[in-house]
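Dear colleague,

Please find below the structure that I am handing over to you. My notes on what was found in it follow.

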Amino acid sequence: MPILADTGCPRYSEGAFTLLNEAKEDDLCTPFRKLFTLTVNAFHRVSLATQPVPLDIDAAWPAAINPSPGARERATSLTGALQRSFFDTRNRKLKFSPRFAEKPANLKPDLVLMLHHNKDANKNQPSVYWKDVRIPIEVKRNFHSEGDIIVQMSGYAEAILMEQFDRKFVITVSLSATHCRLFHWDSVSYHVSELIDIHKNPILFIRCIARLLMMTPAELGYDEHFSNAGRVLSGEEVTTTLIVRESSIRRYLDRELGSEEMPVPSEMARSMLLELDTENFLSESKLEGMLFHRYTRVWRGREVTDVKEWKTGPTRVVKQSWIEDTRHCEGYFYKLTTNIPTICSLVFMEECDRTRTYRSRVAERDVLGCLRATGQKPCQGANTEAEGKLLDFRPNPLQERVLLRFVFEEEYRPLSKASNSLEVLAATVHWIEGLIALDRLGIVHRNISYSNLMLPAIDHGSCAPDRSPNVAKIIDLGLAHRKDPQGSNGLLPRSLGATSSVVAAPTDDQKCLPEALAPQNARAPQQHHPIPGTLPFIALDLTRQLQRRSKTGLIEHALHHDVESVFWVLVYFCLLRAQDSGMALLTDTLDQLISPKIGVVVATKWDIISWREILANFVGPFSELKAFLEAFADYYHECSRNNEPIDAQKVLSIAIEQRDKLAEDAREKSCANDGSPAATDNASSP
């Protein structure tokens, strides 16, 4: 090829790469980058053009454009195809976007394949962002400590999956003076390619690098349900839309589709186009140091009702999550709870993708179309133990995940937006009523937390909150489970049920419900993650069981645990809002309640519910809640002395009583301020 006549081209025949065996680690990046740059300019732009039908690989990477006509007319962004180039980043700490401002920029891959607009303008750009990285590359002198390399690359994969919300998996590359290996990372695990000897098989090595350059956004893991998937660069203000197509809702995510549960054909399925607010996530999982998890994200989005004129309709809430396929389908719980006003209303759900789909393809083919995958994962070096934890983090090594998207009817207000104690107590009544209604359907929520208890969409203040058509909501049924069907009093068909008991250390042969007890074409899902909820809000009894779970068989989660979690949410809320008081007792208690150390949390919860000084000293704008909290604590200890669980109906009665007292106080204060006769009469009465 003519470009190979360039005198600056490194030549294998002249020993350009055979001498890499003796090079220092820092000296490897420059020749590798030159080789990869040559591959960009020569392999896929020259050799492919000589084929009968030239392959335009740039067609898959046009610059991002705003989907709405008006935004396109106002846009001043660059047009044309985006450039893909390799950059030396070993001395640069890659930055995160503002929504991850708390994460330190301490990750420095040696080389990265990046997108940019002008290939000549950013050779020395001052900042590099994870949003622009397509493939990170780690360069070592040799592969004697592959465990160390894997731990480093897991950090890169985590950064990309966190930063790039439209990405489903990540490919990383490890290089040494003699060898190359590729990795595929997703929300479950990682696949490893065979080890390539770049001197014995240089053609295969070049083919792999070229294949990475030729990949489309979808092949690199981008989800093309999002507009401009993989093509919005850092600093660009481009509207993102998402199309969601309705899927039929099945009971179990890992069950083979039966004749009665066939998915809706794509041409008949409902769909919705949503303009997402990607700058202000309603919720986003940010689990520090955890690579394999759900990557749950929640957006606010306006439904696009007219694409041509770009008219938008009601605001929706969109939730996306990689759910374990051993679970009940979360959408099925929303289907069952349609008539419970306290549970958020589902418009529809889409079952988008599965990690199993990729894994089954890799098992019979290969990683990139030219490179065989191996089942043997390297594990050696100083970080062998840490690398092993990457594989052992999941409770079930065979676990797979399903990408689900949910569209909910409307957005509700978080508890942080509460205006007064009366509104919070009115919402508390709704939440407890909702939990009781779930229990009657045989459902245990298992994840009552500060972020999952919502206020009504409209603040009704003190005006008859119990009679308002807008009630407080309980959201997120992702960890919900069925009660033991044997104890459901005939309310549930056995085919729906699996015990809500969670095994602290499940084994491969453990079942929630024996297959022999289930009718034909129905079975119970397998055990799932043993931690039932968020630590500061888990019932004290469950928290103690988790503390000694190595000695515990089953952790039973029931209605009374969820009701107690409402108490802990209110305690946390009051402590949070009392921070401005500067009272050391309250600030220290809050720090201990949210501690990652379970022993500290257990001791703190016991102090709160037993030592009345903490509850009695609640100050701040919501100090009026302490009457309910103290009444609950008294009832909790009464039940403990009698060795019986708290009764949800009794707690509901306490909440109603305290709400009505606050409502009456508010009415009297309002009358007194107005100077009405009722106020005078009340003031003169004994």
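In these notes, buried means under 20% relative accessible area, exposed means over 50%, and partly exposed lies in between, with a 1.4 Å probe and protein chains only. Please note that this is a predicted model, in which local features need pLDDT of at least 70 and side-chain atom pairs count only at pLDDT 80 or more, while totals for chains, interfaces and linings use all residues. Residues are numbered from 1 along each chain as its sequence is written, and side-chain values use heavy atoms, with hydrogens and water left out.

Overall composition

The protein chain holds 16 helices and 22 strands; both are DSSP runs numbered from the N terminus, helices being H or I over at least four residues and strands E over at least two. Of its 686 residues, 53% are buried. Among contacts in the protein chain with a separation of 6 or more, 72% join residues 24 or more positions apart, where contact means heavy atoms within 4.5 Å.

Salt bridges

A salt bridge is taken here as a side-chain nitrogen of Lys or Arg within 4 Å of a carboxyl oxygen of Asp or Glu. By way of background, side chains of opposite charge can pair when their charged atoms come close. The whole structure contains 24 salt bridges, and three of the pairs are described below.

In the pair E284 and R297, the closest N and O atoms are 3.2 Å apart. E284 belongs to strand β10 (residues 283-284) and R297 to strand β11 (residues 297-306), so this bridge ties together parts 13 residues apart in sequence. E284 is buried at 13% relative accessibility, and R297 is buried as well, at 3%.

R356 pairs with D325, with 2.7 Å between the closest N and O atoms. Here helix α6 (residues 355-364) supplies R356 and the loop between β12 (311-324) and α5 (330-336) supplies D325, so the bridge ties together parts 31 residues apart in sequence. R356 is partly exposed, with a relative accessible area of 36%, whereas D325 is buried, with 3%.

E664 and R667 form a salt bridge of 2.8 Å, N to O. These two residues are three apart in helix α15 (residues 648-674), which means that about one helical turn separates them. E664 has a relative accessible area of 34% and is partly exposed; R667, at 40%, is also partly exposed. Elsewhere, R250, E351 and R354 are joined into one network by salt bridges that share partners.

Helix packing

Two helix pairs deserve a description. Axes are lines fitted to C-alpha atoms, for helices over the stretch in contact, and the angles run from 0 to 180 degrees between N-to-C directions. Angles under 35 degrees count as roughly parallel, over 145 as roughly antiparallel, 65 to 115 as roughly perpendicular, and the rest as oblique. A crossing is left-handed if the near helix is turned anticlockwise from the far one by less than a right angle, and right-handed if clockwise.

Helix α9 (residues 540-547) and helix α12 (residues 598-610) have axes that come within 10 Å and cross at roughly 155 degrees. That angle makes α9 roughly antiparallel to α12, and their crossing is left-handed. On the α9 side the contact is made by L540, T543, R544, L546 and Q547, and on the α12 side by I598, G599, V601, V602, K605, W606 and I609.

Helix α10 (residues 559-577) packs against helix α14 (residues 626-641) at an angle of about 140 degrees, with the axes 11 Å apart. The two helices are therefore oblique to each other, and α10 passes α14 in a left-handed crossing. The contact consists of E564, F567, L570, V571 and C574 from α10 together with F628, L629, F632 and Y636 from α14.

Two buried residues

L415 sits in the loop between β16 (413-414) and α8 (421-440) and is buried, with a relative accessible area of 1%. Leaving aside residues up to four places away in sequence, L415 touches V424, W431, Y450, L453, L455, V569 and F573. Its C-alpha lies 7.6 Å from that of S451, although L415 and S451 are 36 residues apart in sequence.

Q658 is located in helix α15 and is buried at 11% relative accessibility. With residues up to four places away in sequence not counted, Q658 touches L425, A627 and F628.

With kind regards
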